[in-house]
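Please find below a colleague's note, set out as numbered points. It is best read with the structure open alongside.

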Amino acid sequence: MALPRRTDVVIIGAGQAGLSVAYYLQRLGVRSGVDQLVLDRGPAPGGAWQHRWSALRLGSAHRVHDLPGMRRAGLSFETADRARPARDVVSEYYGHYERFFGLDVRRPTIVSAVFDSGADLVVRTDQGDIGTRIVVNATGTWGAPFVPYYKGVREFAGRQVHTSTYRDAAEFAGQRVLVIGGGTSAIGFLLELEGVAAKTFWVTRRPVDYLQQGTLDLEAAVNAVAEQDEAARAGRALPSIVSGTGVPKTRRIAAAIERGLLEPRPMFDHLDRFSAVWPDGSSERIDAIVWATGFRPDIRHLSPLKLHEKAGGVAVTTGAAERDPRIFFAGYGPTASTVGANRAGRTLARQVFAALGQTTSPVATIRPEDVVAARPADPAPPTGPIDHVAELMARFFTDA
């Protein structure tokens with residue numbers, strides 16, 4: 001289906017943040033596929049999860065929060081099958097969610113740039129340009145992997161992969177593998193490589209902060225979100241979520257610590273063609289490196305708008321960029337992880353709706369064939385236009 005040449009709102013990205021905003025906008029009457037358009041570069045539903053490695057499973061260290069309204073669609077990640085690859089479960093659930101709520105996601109669509117054309121914005125895609133009044137950027141971070149520079153990294157003769165390109169431990173069978181990073185992904189790789197690689201080495205820039213309770217601490221999560229919010233408001237580069245929350249010490253991780261698998265070393269000084277060399281001059285022969293060093297916000301397509309501040313980030317206060325209030329951010333700053341994305345979707349949709357400055361006529365978008373018998377149905381939306389914004393807002397706030 002061809003993309004429309006114009007719409008009121010373009011949401012870029014159909015991961016958790018993008019779908020959350022699209023869902024709440026639709027409840028406000030901003031019709032999916034008509035007044036709002038969701039563009040996603042992925043070949044299938046699931047956001048970044050569809051690209052993750054096959055051995056990754058859902059669990060306390062890799063938790064996915066339910067999308068808003070998901071239980072009404074008969075789904076919940078709380079009861080999802082943890083024996084299946086997480087990427088398959090998330091893709092399946094997100095796809096059902098999109099169909100159930102009639103969210104018209106156009107994929108695969110690659111957005112290369114967003115331009116200011118005066119009254120409107122122009123979203124440039126591989127399928128043509130789209131004029132719009134508002135852009136909600138929900139591209140997350142998966143498309144912008146971060147690999148820090150160390151002396152010798154370009155001269156190293158072995159294989160190097162990043163979290164975004166890691167596929168299976170079997171690819172490293174019999175090799176001496178260096179894993180770099182202090183988060184749950186690095187630990188997951190070490191656990192998968194155990195017994196497959198000939199030997200693993202683990203280096204981190206700072207000591208690993210384990211959470212003894214084995215699940216993400218609520219206070220730590222709140223503090224991490226607050227740090228993200230402060231940085232976003234100041235226009236600084238965003239700090240790591242993991243550095244603010246710590247790593248839950250699950251039973252599996254605790255057992256690995258006991259048997260000596262998870263013993264991080266400080267960072268090496270440099271790399272040579274075949275080794276990692278430490279500051280004291282000692283070295284270890286290395287066949288491959290796994291960079292579990294995280295990601296940065298994937299906002300390169302917004303470069304023509306010149307949104308960046310001198311401090312290195314984009315200043316975002318009430319959901320929109322300080323330099324252009326027509327650009328809203330979902331999944332950036334305090335909403336950059338599952339800790340904050342869902343909660344912010346409702347607030348951001350409300351802000352986008354207010355920025356539109358007009359109402360639209362809500363329409364029923366749930367298709368009857370997607371609703372299972374005896375499943376609670378959504379309240380029937382009004383059939384005529386609503387002339388007063390306050391009336392529509394009041395109903396929105398009181399909805400569960």
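**Note on strand 8 and the nonpolar cores**

1. In this predicted model, Val-179 of strand 8 stands opposite Val-290, a residue of strand 16. Strand 16 covers residues 288-291 and runs parallel to strand 8, the two being joined by 4 bridges.

2. Strand 8 also pairs with strand 9, which spans residues 199-204. This pairing is again in the parallel sense and extends over 5 bridges. Within it, Val-177 has Thr-200 of strand 9 as its bridge partner. Between strand 8 and strand 9 the chain passes through helix 3, residues 184-193, and the resulting β-α-β crossover is right-handed.

3. Are the residues of strand 8 buried or exposed? Strand 8 comprises residues 176-180, and 5 of its 5 residues are buried. Arg-176, Leu-178 and Ile-180 point one way, while Val-177 and Val-179 point the other way. The student should note that residues on both sides of strand 8 are buried, Arg-176 included.

4. Attention may now turn to the nonpolar cores. The largest has 69 residues. Those that touch the most other members are Ile-11, Leu-58, Phe-77, Val-136, Tyr-166, Trp-202 and Leu-262. Another core, of 21 residues, lies apart from this one, and Val-10, Val-123, Leu-302 and Ile-327 are among its members.

5. Which residues does Leu-58 touch? Leaving aside residues up to four places away in sequence, Leu-58 touches Trp-49, Val-64, Phe-77, Ala-80, Arg-82, Ala-86, Val-89 and Val-90. One of these, Phe-77, is itself listed with Leu-58 among the core residues that touch the most other members.

Notes:
Residues numbered from 1 in each chain as written. Predicted model: local features only at pLDDT ≥ 70, side-chain atom pairs only at ≥ 80, totals over all residues. Heavy atoms only, no water. Core = buried A, V, L, I, M, F, W, Y, C linked by side-chain atoms within 4.5 Å. Buried < 20%, exposed > 50% of the residue type's maximum accessible area, 1.4 Å probe, protein only. Contact = heavy atoms within 4.5 Å. Pairing = 2+ DSSP bridges. Right-handed = clockwise from strand over helix to strand, strands pointing away.
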